[in-house]
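These are my notebook entries on a single chain. I went through it by position, recording what I looked up and what I found.

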Amino acid sequence: MSDGALIPVAIEATGEPSWTPTPDDLANIRKLSQLRYTVSEIALALDIPAADLRRHLAVTTSPVYQAYHAGRIEGEIPYRQRVMTAAARGEEWAVRLAESWGAKQLEDELGCHV
């Protein structure tokens with residue numbers, strides 16, 4: 001299979017990765033994720049197999065998982081701040097979006113669907 005093929009992570013995430021990330025790799029993964037690069041694009045930029053990157057991402061305790069998702073969340077901060085500012089002004093679309101984020105946050109805190 002090519003790295004561009006759409007396959008479930010569970011299938012691709014079997015076995016041990018041949019790549020071990022360095023601190024520089026983790027910093028680059030975080031930054032590229034923050035800029036919304038795809039896993040395949042990050043793998044190409046770092047010159048590593050996309051399958052190895054996906055294997056690391058399948059383990060929630062992996063430093064790669066943490067760097068990737070921290071970058072993803074950091075990339076959302078400016079957008080969420082703009083939405084919250086618009087919601088505070090009473091813009092309906094922003095209020096609805098902010099409310100959906102609040103419900104999602106509560107669900108995650110409680111570990112259930114509300």
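Entry 1: Asp-47. I looked up the exposure of Asp-47 first, bearing in mind that the model is predicted. Its relative accessibility is 69%, and because the cut-off for exposed is over 50%, I recorded Asp-47 as exposed. I placed Asp-47 in the loop between H3 and H4. Its phi is positive, about 60°, although Asp-47 is not a glycine.

Entry 2: Arg-36. I then turned to the loop between H2 and H3, where Arg-36 lies. Arg-36 also has a positive phi without being a glycine, and I noted a value of about 70°. Is Arg-36 buried, partly exposed or exposed? With a relative accessible area of 42%, Arg-36 falls between the limits of 20% and 50%, so I entered it as partly exposed.

Entry 3: the chain as a whole. I listed six helices and zero strands. Read from the N terminus, the order of elements is α-α-α-α-α-α. The chain has 114 residues, of which 29% count as buried. I also checked the sequence separation of contacts: taking those between residues at least 6 apart in sequence, 55% join residues at least 24 apart.

Entry 4: Asp-52. I found Asp-52 in helix H4. Its relative accessibility is 3%, which is under 20%, and therefore Asp-52 counts as buried. I looked for a polar partner and found the side chain of Ser-18, joined to that of Asp-52 by a polar contact of 2.7 Å.

Entry 5: the length of H5. Does the span of helix H5 agree or disagree with its number of residues? H5 covers residues 63-88, which makes 26 residues. At 1.5 Å a residue I expected 38 Å; the end C-alpha atoms lie 36 Å apart, so the two values agree.

Entry 6: the course of H5. I examined the start of the helix and noted that a side-chain oxygen of Ser-62 comes to within 3.0 Å of the backbone nitrogen of Val-64. Further along, I located a bend of about 35° at Ile-77. A proline, Pro-78, follows within four residues of that bend. After H5 comes Gly-90, with a positive phi near 90°.

Entry 7: the buried side of H5. I recorded the buried residues of H5 as Val-64, Ala-67, Tyr-68, Ala-70, Gly-71, Gly-75, Glu-76, Val-83, Ala-86 and Ala-87. What covers these residues? I found that the cover includes helix H2 (23-34), helix H3 (39-46), helix H4 (50-57) and helix H6 (92-110).

Entry 8: Met-84. I selected Met-84, which also lies in helix H5. Its relative accessibility of 44% is between 20% and 50%, so I noted Met-84 as partly exposed. Setting aside residues up to four places away in sequence, I found that Met-84 touches Ala-98 and Trp-101. Met-84 and Ala-98 are 14 residues apart in sequence, yet their C-alpha atoms are 6.5 Å apart in space.

Entry 9: the largest pocket. I looked up the volume of the largest pocket and entered about 170 Å³. Which residues line the largest pocket? I listed Arg-80, Trp-101, Lys-104, Gln-105 and Asp-108. H6 contributes the most to this lining, with four residues. I marked Trp-101 in both entries: Trp-101 lines the largest pocket, and Met-84 touches it.

Technical notes: Residues numbered from 1 in each chain as written. Predicted model: local features only at pLDDT ≥ 70, side-chain atom pairs only at ≥ 80, totals over all residues. Heavy atoms only, no water. Helix = DSSP H or I, 4+ residues; strand = E, 2+ residues; numbered from the N terminus. Expected span 1.5 Å × (residues − 1). Bend = angle between axes of the 7 residues up to and from the residue. Buried < 20%, exposed > 50% of the residue type's maximum accessible area, 1.4 Å probe, protein only. Contact = heavy atoms within 4.5 Å. Polar contact = N/O pair within 3.5 Å; in protein donor to acceptor, adjacent residues only side chain to side chain. 1 Å grid on protein atoms, 1.4 Å probe; cavity = no way out; pocket = protein on both sides within 12 Å on 5 of 7 lines; lining within 4 Å. Points joined across faces, edges and corners; volume = space filled by probe spheres on them.
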